[in-house]
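This briefing covers one chain, topic by topic, with attention to strand pairing and to backbone geometry. Please read it alongside the structure shown here.

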Amino acid sequence: MNTFNPSANSVLLCAVFVVLVKLSACHTVYEFSDVKHFHYDRDVRDPLGVFNWPLTFSRNCNGRSQSPVNIETRRLSFDKRASCPRMMYNISVVQGTLLNNGHSAEFRFNPGNLAATNLPHRPGFYIAHDLHVHYGGLFENSFLDIENQISPGSEHTVNGRRYDGELHVVFYNSRYRGVDEAKHHADGIVVLAYFIHKQSDGVAFGNTMQFSNFFEYNIPQIVNINSSIITALNLDMFRRQPCEFYTYIGSTTTPECNEVVRWVIFREPLLVSQTAWSVLQLMEFNGDFDIRYGNFRNLQPLNGRVVESNFVPNF
Ligand SMILES: [Zn+2]
């Protein structure tokens, strides 16, 4: 059993993890939603567009604790007691299924490969369900301008800055049988979110080179909608040193917009090479990925919620 905090290794944790995994069923849903077709356009006449999600799918989408939000660093509440989330796994290279779900590339963890504990404001253990990527619109006929093929498309922003993309690693509370059940409980879901920053090929990438390799090798194999492959993911890319994050209470960013998510958003982005990032353009979508807006939801108001950080930001 390994964890991201070596001092936390213990036989006890391993035993607990094994029991939890045996209790957890394998559920296959997209971003904990039964909704298969929804759009990201901002056209108020489109019943499936983001502004009509509350009418078409669920009133939750008009709730007061929605995601994503803009993080204003001058309004952060510093919580020095918030400790670093601890990932638990047996082998750092985990197996799973990568698929083109019509909105994004989604990697579904094989049951039992990964769990998380030591999460801010969420005691207990959470089981990894999937990870998927959000990114911006695609510029057509831009093959001569390789630096600008995909527009910035992170869901959260920091002081108004939108990163190139955002990776969500979705966990559900081990108290529940799966993500389907967990999405109906206030303590059901935790998402570990990583901003993605694209940079020129050949620059130092450190351990996030694994991330580029994963994209470059696997995405071309899931070009067709609903196509999938069995592949492996190296968890070393998620190590964050120092472990600095923002955290707040919000919702899923796709219908049905359930307000059950503890968001943990790491300050330091994952780096991805330009070449690796550009393979996302190959993916086919069924009208659900928007050529202008990609697959990120528009920003939602905080409505008095406070975003905490475990570090003091430098303004
Ligand atoms: Zn997401």
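Two strands count as paired if DSSP finds at least two bridges between them. By that criterion, strand β6 (residues 105-109) pairs with β8, since three bridges join these antiparallel strands. The model is predicted, and the chain has an average pLDDT of 86.

**Overall picture**

- The secondary structure of the chain consists of five helices and 16 strands.
- Of its 315 residues, 44% count as buried.
- Among contacts in the chain with a separation of 6 or more, 75% link residues that are 24 or more positions apart.

**Confidence**

- A pLDDT of at least 70 is reached by 85% of the residues.
- Across residues 5-30, by contrast, the pLDDT is below 50.
- Even so, the model gives this stretch 39 contacts beyond near neighbours in sequence.

**Strand β8 and its partners**

- Strand β8 spans residues 126-135 and is mostly covered, with ten of its ten residues buried.
- In the pairing of β6 with β8, Glu106 is placed opposite His132 of β8.
- Strand β7 (residues 115-117) also runs antiparallel to β8, and two bridges join them.
- Within that pairing, Ala116 has Tyr126 of β8 as its bridge partner.
- Strand β11 (residues 165-173) is antiparallel to β8 as well, and this pairing extends over nine bridges.
- Tyr126 recurs here, as its bridge partner in β11 is Asn173.

**The sheet β2-β9-β10**

- Three strands make up an open sheet of mixed pairing, in the order β2-β9-β10.
- Why is one side of β2 and of β10 left without a neighbour in the sheet? Both β2 (70-71) and β10 (161-162) stand at the edges and each has a single partner strand, so one side of each has no neighbour in the sheet.
- Strands of a sheet pair through backbone hydrogen bonds, in either a parallel or an antiparallel sense.
- The pairing of β2 with strand β9 (residues 157-158) is parallel and comprises two bridges.
- Ile71 has Val158 as its bridge partner in β9.

**Cis peptide bonds**

- The bond from Ser67 to Pro68 is cis, with omega near 5°.
- Pro68 belongs to the loop that runs between α2 (53-56) and β2, and β2 is an edge strand of the open sheet.
- A cis peptide bond also leads from Pro255 to Glu256, where omega is near 20°.
- Glu256 sits in the loop between β14 (245-250) and β15 (261-273).

**Positive phi outside glycine**

- Asn159 is not a glycine, yet its phi is positive, at about 50°.
- The loop between β9 and β10 contains Asn159, and these two strands belong to the open sheet.
- Is Asn159 buried or exposed? Asn159 counts as exposed because it has 11 C-beta neighbours inside 10 Å, and a residue with 12 or fewer is classed as exposed.
- Asn226 likewise has a positive phi, near 70°, in a residue other than glycine.
- Asn226 is located in the loop between α4 (209-218) and β13 (228-234).
- With 11 other C-beta atoms within 10 Å, Asn226 is therefore exposed.

Methods
Residues numbered from 1 in each chain as written. Predicted model: local features only at pLDDT ≥ 70, side-chain atom pairs only at ≥ 80, totals over all residues. Buried ≥ 20, exposed ≤ 12 C-beta atoms within 10 Å, placed from the backbone. Helix = DSSP H or I, 4+ residues; strand = E, 2+ residues; numbered from the N terminus. pLDDT = per-residue confidence, 0-100. Contact = placed C-beta atoms within 7 Å.
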